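Hi,

Here is the structure I promised to pass on. My notes follow below it.

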Amino acid sequence: MQSITCKAYAKINLALDVLGRRPDGYHEVKMVMQTIGLYDELIFEKIAFTDDSGPIKIETSSSAIPTDENNLVYRAAAAIFARYKPDCGIKITLTKNIPVAAGMAGGSTDAAAVFHGLNALFGLKMTVNEMCEMGVKIGADVPYCIIGGIALAEGIGEELTPLPPPPPCQILIVKPDISVSTKWVYENLKVNELEFHPDINGMIAAIHHQDLDGIIKKMGNVLETVTIEKYPVIKEIKNKLLAFGAENALMSGSGPTVFAIFRNEAKAQAAYIEMRDEYEVYLTKFVNRKDNYIFS
Ligand code: ATP
C-alpha cells in the first residue's frame, strides 16, 4: 500500500464542566463529547527521502494553519517517526473543512487521524491504547478523537468512558467570524466562582436511556461564562437558533461555535438557510463510533 485517505471528524461538547485547576496548570474537566459529520480529509503518501528537509511534508488547503512543526499533524507524525523509524518519508495532504480555533477540536482530530492513518499505512499494529498514550502528549483531546463517537472525558480529557450512541437528530453548527484561543478561555475561567455546573451524570443517564429530551435538557458548558462575556454574538446566535425552533443550543468547547439540536428536519433546514448569509453554518448529524469509519 502506497497511500491511504482518512477522515478526521469534528466534535461537539454536549456538556462541559470544569472541576478545578491542577497544580500543573491543567484543568480537571468532566465532559461529554460527540463526533459530528463535519470532517477534514488527510491523504498519506509514502515518499522517498529526497532532500535534507526531513521525512515529513505537509501540504494544506488552509492558509490559517502552519505546515511546520507547529501543526499538530506534523507533531503526531514526528512522534511516530521517532518511535518506529519507517524506511521512507511521508507526504500528508490536509484538506481543512473544520473551522480553525472554533471549539471543534480541528487540530486534535487531524492528529488522531495521523495515528490511525500511519498505523495502517506502515502496518505498525499499534493498539488504540498505545495511540492514545502517544496522542495525549500532543493534546488533551487527541485520545478522544482517536476513539471517536460519544464518550465521557475526565481528567484533562484523556480518561475516556465510551457511551452508547444517542438517538439521531439534526445538528446545526453556526460559527461567527471570530477565532477563540482555548488557552485564553481557560486562563480567564474563574473556576471557583462558577454559579452553575451542568449535570453531567444526568446527561450520562439520559444517554443510557436513549432519552433525547433528557439530553437536550442537560446540555451545559461552563466555558460560556468566559467566551460569551467577551463575544456577545454567541448569545445572539443561541437566541436566534431557539427562535428558529431548536430544542436547545450551546457553545461547543471554548467556542465560538454554537451547535443546536433540532428534532424537526424542516425547521433545521429553514434555520440553515436563514443563517447562512451571516455566519458559517453546517447542517449535520451525530456520527457513531465504527471500527473503520475514519478510512474512506
Ligand atoms: P479545541 O476544540 O480542541 O479547543 P479548536 O477547534 O478550538 O480546538 P483548533 O482548530 O484545533 O482549535 O486550532 C487551535 C490552534 O491550533 C490554531 O491556532 C491553529 O493554528 C493550530 N493548529 C495546529 N495544527 C492544526 C491543524 N491541523 N488544524 C487546525 N489548527 C491547527
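Which polar backbone atom is 3.0 Å from a nitrogen atom of the ligand? That atom belongs to L72, and the pair is a polar contact (N or O atoms within 3.5 Å). An oxygen atom of the ligand lies 2.9 Å from a backbone N or O atom of A105, and an oxygen atom of the ligand is 2.8 Å from a polar backbone atom of G107. Taken alone, the ligand exposes 620 Å², of which the protein buries 80% (Shrake-Rupley areas, 1.4 Å probe). Around the ligand there are 23 residues, the closest being A101, G103, A105, G107 and T182 (a heavy atom within 4 Å).

Before the rest, some housekeeping: this is a predicted model, where local features need pLDDT of at least 70 and side-chain atom pairs pLDDT 80 or more, while totals for chains, interfaces and linings use all residues. Residues are numbered from 1 along each chain as its sequence is written, and side-chain values use heavy atoms, with hydrogens and water left out.

Now the interior. The largest nonpolar core (buried Ala, Val, Leu, Ile, Met, Phe, Trp, Tyr and Cys residues joined through side-chain atoms within 4.5 Å) has 75 residues, and F44, F115, L118 and L241 have the most contacts inside it. Helix α2 (residues 106-121) gives the most to this core, with 7 residues; helices here are DSSP runs of H or I, at least four residues. Apart from this core lies another, of 29 residues, among them L38, L212, L250 and F259.

Helix α2 also holds N119, which is buried at a relative accessible area of 13% (buried means under 20%, 1.4 Å probe, protein chains only).

Enjoy exploring!

Methods. Buried < 20%, exposed > 50% of the residue type's maximum accessible area, 1.4 Å probe, protein only. Helix = DSSP H or I, 4+ residues; strand = E, 2+ residues; numbered from the N terminus. Polar contact = N/O pair within 3.5 Å; in protein donor to acceptor, adjacent residues only side chain to side chain.
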